[in-house]
Each structure stands twice: as C-alpha cells, then as structure tokens.
Amino acid sequence: MLTARIAVLASGGGTNLQALIDSQGGVLTSGSISLVIADRPGLQAEVRARTAGVPAVVIPRREDGFEAGVLRTMEEHRIDLLILAVFLGILSQDFIKTFPGPILNIHPSLIPAFCGKGFYGLRVHQAALERGVKLTGATVHLVNEIPDGGQILLQKAVEVRPGDTAERLQSRVLREAEWKLLPQAAELISARLAREKEKTL
C-alpha cells in the first residue's frame, strides 16, 4: 500500500514531532515522517529526527529565502503533506498557494478561542487563565491565509484546574490533547492522500 510522505516544520523542542514519530505503525499507518525541517540550528526537534533515522535539515527562518528553501527541500523529498509542529512563523499566501499538498497546524486552544496572530506558546494558556475559562484544549486545522483560520479537523477539550499556571496548563494540554490529536489528524489526511496516489497508478 502506498503511503503519504510527511514533512514536519518545527521551531522548538519537538514533542509533537516525537508524538508523530512514535505513532508510526500504530495510529499513523497511511503516512510516514519523511523529512523534518528545523527553522534554526540547535533545536531538539532536529535531534529527535536524527535519533529516529528521519532526514533532518536546518533552514533558518530569519534569513532571506526561507520559504523558497523549504519548498525546494520538500520537492526534493517528494513530500505530500506538511505538518507545522509548533512552528512559530506565519507562512505567506504565496507559500500556501505554491505547495500542492495540504498543510496541518496544531494550536493549543479550542479555536476560535485564543487564536490568531500573537497567540502562541504560553501566551495562549496565560490568556485562557486570565479569561477564567473552565475548559481549554487543542485544535488541529488546515492552514490557509488566515492565521489559525483554516478548516477545523479535530478538537479535544482539557479541564482547567484551580491553581493552574500557564506552564502546568500547557503540559496538560500537550499530554491530554496535542500528542493524541496530531497523529490522528495526520492519519486522517494521509489516508486520503494515499488513496489518491493509488488512483493515479
């Protein structure tokens, strides 16, 4: 059976990437992690990729030609699906239009709450605590030209507990929602892409 070739674009420690790697052959059977792109040197995400035997490259996001380099590298690796696993940049409309496959993003809230430009990392969880919500969570969505504005694929709620700090809440959302949702969404899209590949044979 054909599988979808997945690239992961990361800006941090790569725990969501690790969840994807660990899910291969379990939840994720229709796709394979075929490339990891770190947007700056020294990221733990790159180490996780190399430890798992996944090709990894560094393309600095703050240098000219970043998006062109990402597109070129994905084309070289015949990538079908791009997953943003805590990518802290915003991809341009030109990039989204140029890459032929779907792009997935995971966001640490129940969109449309606490999302959009400026809402990332601990800022999202701090905003949830300041607002006093009782439930937060995570969302996997398709990427379009609006930050966090694409079609929602999966969501999972997580309880906000008395005494939570932003760090404690972030850890719980990762464990209970993000690490579970992202492999499920990757399989959902990969299965469709794999079927489409088989039809072209």
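**Exercise 1. Arginine 78 and phenylalanine 114**

Task: Determine whether arginine 78 is buried or exposed, and state what is unusual about its backbone.

Solution. Step 1: Arginine 78 has a relative accessibility of 55% and therefore counts as exposed; buried means under 20% relative accessible area, exposed over 50%, and partly exposed in between, with a 1.4 Å probe and protein chains only. The structure is a predicted model, in which local features need pLDDT of at least 70 and side-chain atom pairs count only at pLDDT 80 or more, while totals for chains, interfaces and linings use all residues. Residues are numbered from 1 along each chain as its sequence is written, and side-chain values use heavy atoms, with hydrogens and water left out.

Step 2: Arginine 78 lies in the loop between α3 (66-76) and β4. Helices (H or I, at least four residues) and strands (E, at least two) are DSSP runs, numbered from the N terminus.

Step 3: Although it is not a glycine, arginine 78 has a positive phi of about 55°. Most residues other than glycine have a negative phi, and most peptide bonds are trans.

Step 4: Phenylalanine 114 also is not a glycine and has a positive phi, of about 50°. This residue is in the loop between β5 and α5, and at 18% relative accessibility it counts as buried.

Step 5: The loop between β5 and α5 (122-131) holds proline 112 as well. Isoleucine 111 and proline 112 are joined by a cis peptide bond with an omega of about 20°.

**Exercise 2. The sheet and its helices**

Task: State the order in which the seven strands of the open sheet are arranged, and which strands form its edges.

Solution. Step 1: The order is β3-β2-β1-β4-β5-β6-β7, and the pairing is mixed. Two strands pair if DSSP finds at least two bridges between them.

Step 2: β3 (56-58) and β7 (152-159) each pair on one side only and are the edge strands. From one strand to the next, the twist averages 20°; axes are lines fitted to C-alpha atoms, for helices over the stretch in contact, and angles run from 0 to 180 degrees between N-to-C directions.

Step 3: Strands β1 (residues 4-10) and β4 (residues 81-85) run parallel and are joined by five bridges. Isoleucine 6 has leucine 81 in β4 as its bridge partner.

Step 4: Helix α1 (residues 15-23) packs on the sheet and touches β1, β2 (31-38), β4 and β5 (103-107), its direction making about 155° with that of β2. Contact means heavy atoms within 4.5 Å. Helix α2 also packs on the sheet, touching β1, β2 and β3, and its direction makes about 155° with that of β3.

Step 5: Glutamate 46 belongs to helix α2 (residues 44-51). Its relative accessibility is 16%, so it counts as buried. Beyond its neighbours within four places in sequence, glutamate 46 is in contact with Ala38, Ala56 and Val58.

**Exercise 3. Strand β5**

Task: Establish how many residues of β5 are buried, and which way each points.

Solution. Step 1: Five of the five residues of β5 are buried. Ile103, Asn105 and His107 point one way, and Leu104 and Ile106 the other way.

Step 2: β5 pairs with β4 in the parallel sense over three bridges. Leucine 104 in β5 stands opposite isoleucine 83.

Step 3: Isoleucine 106, in strand β5, has 6% relative accessibility and so counts as buried. Not counting residues up to four places away in sequence, it touches Asn16, Leu84, Thr139, Val140, Glu178 and Leu182.

Step 4: Isoleucine 106 and leucine 153 are 47 residues apart along the chain, and their C-alpha atoms are separated by 10.0 Å.

**Exercise 4. Helix α6 and the chain**

Task: Compare the span of helix α6 with its expected span, and find where the helix is kinked.

Solution. Step 1: The 34 residues of α6 (residues 166-199) should span 50 Å at 1.5 Å a residue, and the end C-alpha atoms are 47 Å apart, which agrees. The expected span is 1.5 Å times one less than the number of residues.

Step 2: A kink of about 45° in α6 is centred on leucine 174; the bend at a residue is the angle between axes fitted to the seven residues ending there and the seven starting there.

Step 3: The protein chain has six helices and seven strands. Its radius of gyration is 16 Å, close to the 17 Å that the globule rule gives for 201 residues, so the chain is as compact as a globular protein of that length. The radius is taken over C-alpha atoms, and the rule is 2.2 Å times the number of residues to the power 0.38.
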